[in-house]
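Colleague: Before we begin, could you walk me through how you read a model such as this one, feature by feature?

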Amino acid sequence: MLKYAFVLLLILPTIVIGVSLLEPIEKEVGDESVLLGAVAPGQTLELKFSRDTGVLAAINPATKKNALWDQASVVKLTLPEGWTSKDSLKYENPLTVYVTVSPTAEKRQYTFSVVFLDEYEGTPTAVTRFKVDVDPDVVELSLDKPTVTAGVGQPALFLLRAKSRSIASDTFVIKATGLPYDWQFKKTFFLPHEGEQEVFFEVVGNIQKEVSFSINVTSLSSPAVVKKLDAKVVTTSDLLQDAKSASLGLPLFPSVEQHVYSLFGLVSNLLFK
């Protein structure tokens with residue numbers, strides 16, 4: 001019966017009274033559909049609403065207090081295929097519903113509805129309608145310096161700047177392709193909806209080398225949300241470091257000159273301990 005009741009709610013004309021959206025945008029919701037903004041496949045929208053209906057409680061109008069919404073629920077029949085949702089808790093403040101976009105959702109506009117119930121104070125049920133633009137390209141990325149130089153065994157520090165135009169917060173993972181196996185790294189970071197984040201990550205090379213590689217930033221919500229940047233790390237060694245290594249017998253110099261450089265290495269270790 002509840003299923004058919006929701007169908008009836010969508011067919012009959014509905015008057016929206018006192019529905020105030022607080023997040024992800026702040027807006028008084030009327031009879032027309034509200035465009036929330038862009039969201040990527042797999043991401044979860046968090047919609048927060050005020051409990052205030054904006055009208056006096058019908059049960060006891062002498063109190064001159066506004067009635068309160070008791071629960072907000074996503075109308076399941078209005079959700080696109082593959083989408084899921086979670087209704088608000090009863091009487092929580094603010095009322096919060098969650099809508100998760102299908103990880104395989106195509107790039108286009110979608111709609112869904114949210115119904116508001118007042119159990120005890122006589123406010124008529126209200127239905128609001130929302131639109132979102134699904135687009136996997138919701139994140140802008142840049143590197144402060146695409147090429148970073150560091151000593152052998154020392155961290156080459158990169159700074160990644162991320163900016164989101166999505167109305168949903170998300171967590172991303174940074175990985176690299178093209179680096180030697182023992183230079184690999186992995187780091188995760190949180191990017192708030194329509195927010196910005198600066199993320200530092202390190203590449204540590206154990207030999208003197210110049211390596212070009214790719215930085216892949218992927219959403220944990222969906223592999224469809226991925227960005228790639230080109231970068232380069234250059235590892236160098238200084239003469240003092242080479243001299244100290246030579247005293248330990250490392251084959252950094254031609255064997256004919258090994259005795260001379262070993263002596264130089266011994267002196268350098270004594271002078272620069």
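Colleague: Let me start with one residue: is Gln43 buried or exposed?

Modeller: This is a predicted model, so I read it with that in mind. Buried means under 20% relative accessible area; Gln43, with a relative accessible area of 1%, is therefore buried.

Colleague: Where does Gln43 sit in the chain, and with which side chain does the side chain of Gln43 make a polar contact?

Modeller: Gln43 lies in the loop between β3 (34–39) and β4 (44–49), and its side chain makes a polar contact with the side chain of Asp170 at 3.0 Å. Once the neighbours within four places in sequence are left aside, Gln43 is in contact with Val99, Thr100, Val101, Val138, Ser166, Ala168, Asp170 and Ser221.

Colleague: How should I place that residue against the whole protein, and how many helices and strands are there?

Modeller: The protein contains three helices and 19 strands, and 41% of its 273 residues count as buried. If one takes the contacts between residues at least 6 apart in sequence, 64% of them join residues at least 24 apart. As for the surface, the protein exposes about 15200 Å², of which carbon and sulfur atoms supply 56%.

Colleague: Turning to the backbone, which residues does a cis peptide bond join, with omega about 10°?

Modeller: Here one reads the omega angle of the peptide bond. A cis peptide bond with omega of about 10° joins Glu23 and Pro24, and Pro24 is placed in the loop between β1 (19–23) and β2 (27–29). The peptide bond from Asn93 to Pro94 is also cis, with omega near 0°, and Pro94 belongs to the loop between β8 (84–86) and β9 (95–100).

Colleague: What is phi of Tyr91, and where is the place of that residue?

Modeller: For phi, the sign is what one looks at, together with the residue type. Tyr91 has phi near 70°, a positive value in a residue other than glycine, and this tyrosine, like Pro94, is in the loop between β8 and β9. Because its relative accessibility is 39%, Tyr91 counts as partly exposed.

Colleague: And what is phi of Glu194?

Modeller: Phi of Glu194 is near 50°, again a positive value in a residue other than glycine, and Glu194 is found in the loop between β16 (186–191) and β17 (196–204). Its relative accessibility is 45%, so Glu194 counts as partly exposed.

Terms used: Residues are numbered from 1 along each chain as its sequence is written. This is a predicted model: local features need pLDDT of at least 70, side-chain atom pairs count only at pLDDT 80 or more; totals for chains, interfaces and linings use all residues. Side-chain values use heavy atoms; hydrogens and water are left out. Helices (H or I, at least four residues) and strands (E, at least two) are DSSP runs, numbered from the N terminus. Buried means under 20% relative accessible area, exposed over 50%, partly exposed in between (1.4 Å probe, protein chains only). Contact means heavy atoms within 4.5 Å. Accessible areas come from the Shrake-Rupley method with a 1.4 Å probe; for residues, only the protein chains shown count as cover. A polar contact is a pair of N or O atoms within 3.5 Å; within protein, one must be able to donate a hydrogen and the other to accept it, and residues adjacent in sequence count only if both atoms are side-chain atoms.
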